Amino acid sequence: WRRFLQTVGGVTLVTIGSLGAFYYVAQKDKTPGVQLPHDPEKKTLVVLGSGWGATSLLKSLDTTDYNVIVISPKNYFLFTPLLPSVAVGTLNPRSIIQPTRYVTRHKTRQVSVIEASATEVDPIAKTVKFADTSEIQGEVAETSIKYDYLVFAVGAEVQTFGIPGVKEHSCFMKELEDAEKMQRRFLDCLESAAFPGQSQDEVNRLLHMVVVGGGPTGVEVSGEIHDFLEEDLRSWYPELANSVRITLVEALPSVLPMFSKQLIDYTESTFKEAKIDILTKTMVKEIKEKSVVLQRPDKSIVEVPCGLVIWAAGNKLRKVTQDLMARLPQAQTNRRGVAVDAHLRMEGTDSIWAIGDCAATSYAPTAQVASQQGAYLARILAQIAKRDNLEVRLKTLQDGPQTEETKPEIASIERQLVKTEKLRPFHYSHQGSLAYIGSDKAIADLPFFNGNLATGGVATFLFWRSAYLSTLFSLRNRTLVATDWIKVKLFGRDVSRE
Ligand code: FAD
Ligand code: NAI
């Protein structure tokens, strides 16, 4: 009995301790302290965007160095890797977003957050024009500000290649509203198929889900739809479940070209078992209201009836990025994105840095790259602030009377300035590629000693979950996502259509 009571006592103490620590961290997050106001002596740093690049920068940036202004049409950060899970209701949309103010209100100096889209950047006059593009606007909905330094982190937008019908008839998988729209339309297809008197052909059409693009986004979305079907729809729509079909269309010879061959094969065989059809070397030529037009490998054209098309065919530059590049035609000749030097400074400017999907670097446009670039840039900006302060001090000393006391200080500042000139170039450290493929399986290409470890299966799925849970930016998001996973395990996904 004594041993039993000791164990119970120990467990109780540990539980109370953990809950106390959890409560303390949550309360600390919830109650930001008093911040220093903007300082007219400091330079203005404008950050465009609130995605992976910008948020990672803001987390690491020492805001005492600058007056920071963040401009983004979304007043939150979106954790994109879990977006496909929102599209089928595994996760609540709010679980994977974090208001930008939750980051900025914890910084030492105030950071202004403006919900607006940058419409024009003038790299010569050093100004940014921006507009409130939301539903509700005040008397002023457009203005411009001057910057000393600008971080350009606006990401990319969905590439449609000008294919007819893509914008009108398909769902994207890029923003939170895209996932919510897909969930609504998917459930609408189901309910319409359940409408009395529907012919079997029409039921088959409504329940045919076509995913375009065999990159990681398309593969993850296909896997998530399959899970929804197997784990929930079979219970709530037993008469329809067998008619649901998922087709993944990819123009290239295989899906997931960025993963190792072994994992491509594993994904293809998992999809085969899951009855997800993969059509490779097949290109979508047009999307109509009730069908998708495909060009098959033999170049023949076929029109396939479907209820829902999810477009995950890659990204292109935003207009604001193209316009900025067009202002510096000599230096900006890379059509993939903003050309930057080894320190991520935009070629042809001395005060703009470009990070993430909008920048043309030798790395893939991923969250991993964008977040490492953001953290790197925070260090560079700290060094630049130090250099700027030294230069101001040097100028003050040089403009004043030269005495025996000022001479050594001038020499010391000059030495320090030489040091601050040496900026380390950006170096990307690849932590591996992970993707969820449905049926509680994930694939991972992980750097292992000097080689690569390719792994797939249920254990990799658990690793995928824990990796993303720990990568989420806050305790709040981690708690919400973990709770959603538990809720779905216990009660299943909600099939009500909002
Ligand atoms: P974003 O994160 O897209 O941020 C851009 C920001 O700019 C946004 O806040 C946007 O609102 C804002 N903005 C847009 N226009 C303007 C404007 N005119 N003015 C000001 N601000 C503007 N990568 C991985 O490494 N691993 C993954 O598992 C992974 N999964 C993904 C899943 C999905 C469904 C998607 C779509 C992408 C995924 N990615 C993943 C890729 C990753 O999301 C991107 O590479 C990453 O978001 C790039 O970061 P970014 O900061 O450049 O752009
Ligand atoms: P992507 O560019 O990687 O893939 C798009 C695919 O669509 C391409 O394979 C292309 O051949 C195909 N395609 C284009 N037009 C087509 C057409 N008309 N018909 C048929 N197929 C067509 O895009 P994705 O998947 O959105 O990824 C974007 C970036 O985000 C990538 O860098 C990717 O690595 C990253 N990402 C990473 C994830 C992960 O690591 N788990 C998850 C999602 C995205």
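Two strands are taken to pair if DSSP finds at least two bridges between them, and helices (H or I, at least four residues) and strands (E, at least two) are DSSP runs numbered from the N terminus. The model is predicted, with local features needing pLDDT of at least 70 and side-chain atom pairs counting only at pLDDT 80 or more, while totals for chains, interfaces and linings use all residues. Residues are numbered from 1 along each chain as its sequence is written, ligands are numbered from 1 in the order in which they are written, and side-chain values use heavy atoms, with hydrogens and water left out.

A good place to start is the parallel sheet. Five strands make up this open sheet, in the order 11-18-12-13-14, and their pairing is parallel. Strand 11 (171-172) and strand 14 (276-279) are at the edges with a single partner strand each, so one side of each has no neighbour in the sheet. Strand 13 (residues 245-249) runs parallel to strand 14 and is joined to it by four bridges; Val 249 has Leu 279 of strand 14 as its bridge partner. Helix 8 packs on this sheet, in contact (heavy atoms within 4.5 Å) with strand 12 (208-212), strand 13, strand 14 and strand 18 (308-311). The direction of helix 8 makes about 175° with that of strand 13, where axes are lines fitted to C-alpha atoms, for helices over the stretch in contact, and angles run from 0 to 180 degrees between N-to-C directions.

Helix 8 also leads to ligand 2. The shell of this ligand, counted as residues with a heavy atom within 4 Å of it, holds 25 residues, and the closest are Thr 217, Glu 250, Val 284, Pro 365 and Leu 434. Helix 8 (216-236), strand 15 (283-287) and strand 23 (433-438) each supply at least two of the shell residues, and helix 8 gives the most, with three. Polar contacts are pairs of N or O atoms within 3.5 Å. A polar side-chain atom of Thr 217 lies 2.8 Å from an oxygen atom of ligand 2, and a polar backbone atom of Pro 365 is 3.1 Å from an oxygen atom of the ligand. On its own, ligand 2 has 840 Å² of accessible area, of which the protein covers 80%; such areas come from the Shrake-Rupley method with a 1.4 Å probe.

Strand 23 in turn belongs to a second open sheet, in which three strands follow the order 23-24-25 with antiparallel pairing. Strand 23 and strand 25 (451-457) are the edge strands, each pairing on one side only. Five bridges join strand 23 to strand 24 (residues 441-448), and Leu 434 has Ala 444 in strand 24 as its bridge partner. Helix 9 (residues 261-273) packs on this sheet, touching strand 23, strand 24 and strand 25, with its direction at about 175° to that of strand 24. Helix 13 (residues 458-471) lies across these three strands, at about 75° to strand 24.

Turning to ligand 1, 30 residues surround it, and the closest are Gly 53, Thr 80, Ala 118, Asp 357 and Tyr 468. A backbone N or O atom of Pro 365 lies 3.0 Å from an oxygen atom of ligand 1, and a polar backbone atom of Ala 367 is 2.9 Å from an oxygen atom of this ligand. The protein covers 88% of the 990 Å² of accessible area that ligand 1 has on its own. Helix 11 gives the most to this shell, with three residues.

Key
A polar contact is a pair of N or O atoms within 3.5 Å; within protein, one must be able to donate a hydrogen and the other to accept it, and residues adjacent in sequence count only if both atoms are side-chain atoms.
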